[in-house]
Amino acid sequence: MMTSPALPPRSTGLIIFESIASVTLIVFSVIGNVFILTALYRNPRLRNTTNIYIAALAITDLLNASIPGTSFASAIIAGRLVYSMPGCRLSGFLVHFLTYVSMATMTLTAVNRYFRVVKPQYYKKVFGDKRSCYIIAVLWLLIAAFVLYPTAFGVAEFSFQPASSFCAYTFANKGSEVAFTLTVVSVLVVFCLSLVGVCYYQVSKATRSHNAGVFLSLQGVSAHEIKLSKVLFIMVFAFALCWIPTFGVILLTRLILGRAPHGLAVMIPFLLQTSSVLNPIIYGALSPPFRREFRRLIAFKRAVCLSDESHRSVNTGIAVALERGLALEQISVRHNSVSDIFCSERNGLNNLPQREEQKVAWI
């Protein structure tokens with residue numbers, strides 16, 4: 001049985017820091033994105049076209065934390081790959097797939113905001129609940145085919161990378177690696193971020209003045225839609241802050257250095273996990289409908305905890321009452337024995353030990 005390659009030597013302090021950080025990111029990502037999905041499920045008013053893309057992002061972030069995130073954290077803690085090779089391949093596929101899906105979904109969200117605010121007359125023609133779901137499904141299938149293309153044609157395979165502590169592509173030759181990396185950066189970074197920038201610039205331009213706001217309200221664009229566009233722009237901005245340095249590290253390691261030290265390479269999975277944490281935090285903090293729903297969820301959990309405590313106190317009270325009832329029953333039985341004593345006294349039969357027992361029972 002082959003042993004997985006070990007991580008580069010690390011100090012004890014670094015191991016503890018990386019372990020705590022990786023586990024913390026997973027916990028916060030799971031909690032935040034579960035809250036997003038639960039809020040969408042519980043509140044029918046949140047189920048609109050735009051929030052379909054938010055739900056898609058939450059699903060990708062939740063999957064990212066659950067499989068690639070746990071693979072990364074377990075490798076950081078154990079100092080080697082803990083997953084089996086099939087698990088590593090699945091994790092490697094999801095690392096690339098979920099990253100590209102997130103970037104494409106962010107772009108679709110920006111285009112959605114552009115049509116909703118700048119071209120509201122065409123919004124229902126271009127976007128609708130079913131149409132948006134179809135667009136997301138087709139997009140996911142295309143990205144899955146793109147990610148699997150190098151492995152299907154033997155150009156690359158998913159394997160464990162000790163320096164970065166997670167599973168990713170290993171290319172058969174340098175030319176294939178450079179071609180694939182440049183394609184990803186050109187399409188998913190340069191083109192997508194440029195399109196996002198143009199869309200949100202037009203949205204900002206359309207909502208900049210009060211008169212424009214009045215005009216938009218006449219076109220059926222509410223103040224909520226305008227504020228939602230600002231929230232989504234902040235999400236995209238935070239996403240870009242995470243992923244522009246990530247792709248900068250990827251370009252540096254693949255095209256220039258060839259091999260990166262652990263301290264540089266491990267930034268990639270850490271930034272990936274950080275991106276999964278930021279989305280629900282930003283959306284939950286800046287979107288009033290989600291913020292209210294989050295408060296209800298937290299209040300519901302507190303109510304459940306208080307209900308459990310009240311049930312425990314009631315059960316304790318019942319147990320105490322039963323014990324007291326049993327004691328009274330015993331006293332009642334002894335009281336009956338006392339009456340028997342008095343009856344026996346009247347019959348001339350004295351029983352001193354029973355009188356002592358009666359005296360003790362009533363004290």
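These notebook entries record what I looked up in the structure.

**Entry 1. Status of the model**
I note at the outset that the model is predicted.

**Entry 2. Enclosed spaces**
I began with the cavities and found that the structure holds five of 30 Å³ or more. I then took the largest cavity, which contains about 70 Å³ of space. I listed its lining residues as Thr60, Asp61, Asn64, Leu98, Thr99, Ser102, Phe239, Trp243, Leu272, Ser275 and Ser276. I next asked which elements give two or more residues to this lining. They are helix H2 (49-66), helix H4 (85-117), helix H9 (223-257) and helix H11 (267-286). I sorted the lining of the largest cavity by class and recorded six polar residues, four nonpolar and one charged.

**Entry 3. The largest pocket**
I turned to the open spaces and recorded about 720 Å³ in the largest pocket. I found 32 residues in the lining of this pocket, and those closest to its centre are Gln161, Ser164, Tyr169, Thr253 and Arg254. I looked up which elements supply at least two residues each to the pocket lining. I recorded H4, H9 and H11, together with helix H7 (174-206) and the strands E1 (156-161) and E2 (166-171). By class, I entered 20 nonpolar residues, nine polar and three charged for the lining of the largest pocket.

**Entry 4. The strand pair**
I followed E1 and E2 further, since both appear among the elements of the pocket lining. I recorded that the two strands run antiparallel and are joined by six bridges. As one example, I looked up Glu157, whose bridge partner in E2 is Thr170. I noted that E1 and E2 form a hairpin, with four residues between the strands. In the turn, I found that Ser165 has a positive phi of about 70°.

**Entry 5. Thr274**
I closed with a residue of helix H11, Thr274. Is Thr274 buried or exposed? I entered Thr274 as partly exposed, because its relative accessibility is 26%, and the class of partly exposed lies between under 20% for buried and over 50% for exposed. I then looked up the contacts of Thr274, leaving aside residues up to four places away in sequence, and found Leu25 and Cys242. For the second of these contacts, I recorded a C-alpha separation of 7.4 Å between Thr274 and Cys242, which are 32 residues apart along the chain.

Note on methods
Residues are numbered from 1 along each chain as its sequence is written. This is a predicted model: local features need pLDDT of at least 70, side-chain atom pairs count only at pLDDT 80 or more; totals for chains, interfaces and linings use all residues. Side-chain values use heavy atoms; hydrogens and water are left out. On a 1 Å grid over the protein atoms alone, a cavity is a set of points where a 1.4 Å probe fits but cannot get out, and a pocket is an open set with protein on both sides within 12 Å along at least five of seven lines; lining residues have an atom within 4 Å of a point. Grid points are joined across faces, edges and corners, and a volume is the space filled by probe spheres set on the points. Ala, Val, Leu, Ile, Met, Phe, Trp, Tyr, Cys and Pro count as nonpolar, Asp, Glu, Lys and Arg as charged, and the others, Gly among them, as polar. Two strands pair if DSSP finds at least two bridges between them. Buried means under 20% relative accessible area, exposed over 50%, partly exposed in between (1.4 Å probe, protein chains only). Contact means heavy atoms within 4.5 Å.
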